[in-house]
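Work through the exercises below with the model open. Each task is followed by a solution in steps.

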Amino acid sequence: MSTVVATPSHSLPGSRELTLIGGGHAHVLLLRKFGEEPLRDVRLTMVSDIEHAAYSGMLPGHIGGVYGWAEMHIDLRRLCSFAGARFIHARACGLDLGRKHVLIGDGTSPLPTDLISINVGGTPCMSTIAGIDQRVIPSKPVSRLLAGWESVKAAARNSMHPPQIVIVGGGAGGVELALAMHSQLRGKAEFIIIQRGPHLLPGHNLRAQRILTRLLRERKLTVITNAQVVEVTPDKVRLNDGRLLTADFIVWATQTAPPAWLAESGLDTTPEGFLRIKPTLQTINYPWIFAAGDVAAIEHQELPKSGVFAVRMAKTLGGNLRAYLSGHGPRDYQPQRYSLSLIGTADGRAVASYGCMAAHSTHFWQWKDRIDRRFMRQFQELPM
Ligand SMILES: Cc1cc2nc3c(=O)[nH]c(=O)nc-3n(C[C@H](O)[C@H](O)[C@H](O)COP(=O)(O)OP(=O)(O)OC[C@H]3O[C@@H](n4cnc5c(N)ncnc54)[C@H](O)[C@@H]3O)c2cc1C
């Protein structure tokens, strides 16, 4: 990956530098807003390791053949250009907290800044597993998932016997992915979902769990609960109870783990490495560093790692960055008590799960489709 300065920002001498690290859900909304209501005397920069950010709400729909690639990706260069921001195509690899530098690429290119916002998401936790190889397809980054999905499709097309696909992680993301892949490979591949706990979709109500468990059974996807993959061998996975399962491909969709460089930079993190932040979305010891989305852990709050929360944080994040720059006090982010999840079932229907209620219908898919398309339109139809 090269470091490319794509668009000059509207900077003035003496202006301050605001650096957005990562093109996550909160940052794309922030750029959209800053494009409409520009920040004064601020040079805005986005550092992103990719040029097109994936919208996860449409990811299973893309795999299931409903949405094209462009429909679920946000062109970050174009968005930066709209927001008058500089786009730097590079991976952030650290922070020099004393000098207020963002380190990018191989760490030898420091980027001086005054204010930082971090929205880099995470990747599924695989660090403790022995034997991870190229058959393992992580659900994040999305580009790797999609490249892996192409190999799965090719193998299903060309192989004499149906490949066996093991999906590790039975949360909403893993189940939605399994259903979407199955809808495309019906009869040409076999699927096994491995779930660590006793039920699929932990964090969702019993009714949603039952609906999706029944659906998987009807479509002949195997579910193994109370099991963990502890080793990946050349053609199998080993479970913690010693069982060996044939695995031609392994899709890893377990819970999110944060990137290691955040803790290594000296920022205050949870034991798992998530950035500890205040309800104002400022990091504990550095009020000039903000964070949002999956990577952030708000003190004394246990929020699900979901795009919905990253999206909702955007408003508070934008307001507080503006407030910080103009010397005003920040506001607290107020998370909603319950959030509605709409889980596509790859048959023109979706399961709606909210609090202790759940239902399955075409109506919920149409609703989800409308929400997701409306979200994406904000970035596809930028005002002149
Ligand atoms: C299959 C699947 C389906 C899902 N469906 C839903 C859903 O329907 N609804 C929902 O709410 N959630 C869903 N999720 C969860 C959702 O994907 C995450 O919670 C959400 O993406 C988190 O958003 P974020 O803004 O924190 O970060 P992300 O969306 O992960 O974005 C982070 C960005 O930062 C970039 N980045 C990372 N590291 C660096 C770096 N060092 N330097 C520069 N850039 C960097 C990444 O490339 C990425 O573009 C799903 C997840 C999966 C796996």
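A residue belongs to the surroundings of a molecule if one of its heavy atoms lies within 4 Å of it, and helices are DSSP runs of H or I with at least four residues, numbered from the N terminus. The model is predicted.

**Exercise 1.** Determine which element gives the most residues to the shell around the ligand.

Solution. Start with the elements that give two or more residues: these are β2 (42-48), α5 (172-185) and α8 (307-325). Among these, α8 gives the most, with 3 residues.

**Exercise 2.** Where does the ligand lie with respect to domain 1 and domain 2?

Solution. Domain 1 covers 16-122 + 258-338, and domain 2 covers 124-256. Both give residues to the shell, so the ligand lies between them.

**Exercise 3.** Describe the shell by residue class, then list polar contacts of the ligand.

Solution. The shell has 30 residues, of which His25, Asp49, Ala92, Asp294 and Val308 come nearest. By class, 10 are nonpolar, 14 polar and 6 charged. Next, take the atom pairs, with a cut-off of 3.5 Å between N or O atoms:

- Asp49: a side-chain N or O atom is 2.6 Å from a ligand oxygen.
- Ala92: a polar backbone atom is 2.9 Å from a ligand nitrogen.
- Asn119: a polar side-chain atom is 2.9 Å from a ligand oxygen.

On its own the ligand has 1000 Å² of accessible area, and the protein covers 87% of that.

**Exercise 4.** Is His62 buried or exposed?

Solution. His62 is part of helix α2 (residues 59-63). Its relative accessible area is 19%, and buried means under 20%. Therefore His62 is buried.

Note on methods
Residues are numbered from 1 along each chain as its sequence is written. This is a predicted model: local features need pLDDT of at least 70, side-chain atom pairs count only at pLDDT 80 or more; totals for chains, interfaces and linings use all residues. Side-chain values use heavy atoms; hydrogens and water are left out. Buried means under 20% relative accessible area, exposed over 50%, partly exposed in between (1.4 Å probe, protein chains only). A polar contact is a pair of N or O atoms within 3.5 Å; within protein, one must be able to donate a hydrogen and the other to accept it, and residues adjacent in sequence count only if both atoms are side-chain atoms. Accessible areas come from the Shrake-Rupley method with a 1.4 Å probe; for residues, only the protein chains shown count as cover. Ala, Val, Leu, Ile, Met, Phe, Trp, Tyr, Cys and Pro count as nonpolar, Asp, Glu, Lys and Arg as charged, and the others, Gly among them, as polar. Domain bounds come from an automatic or database domain assignment.
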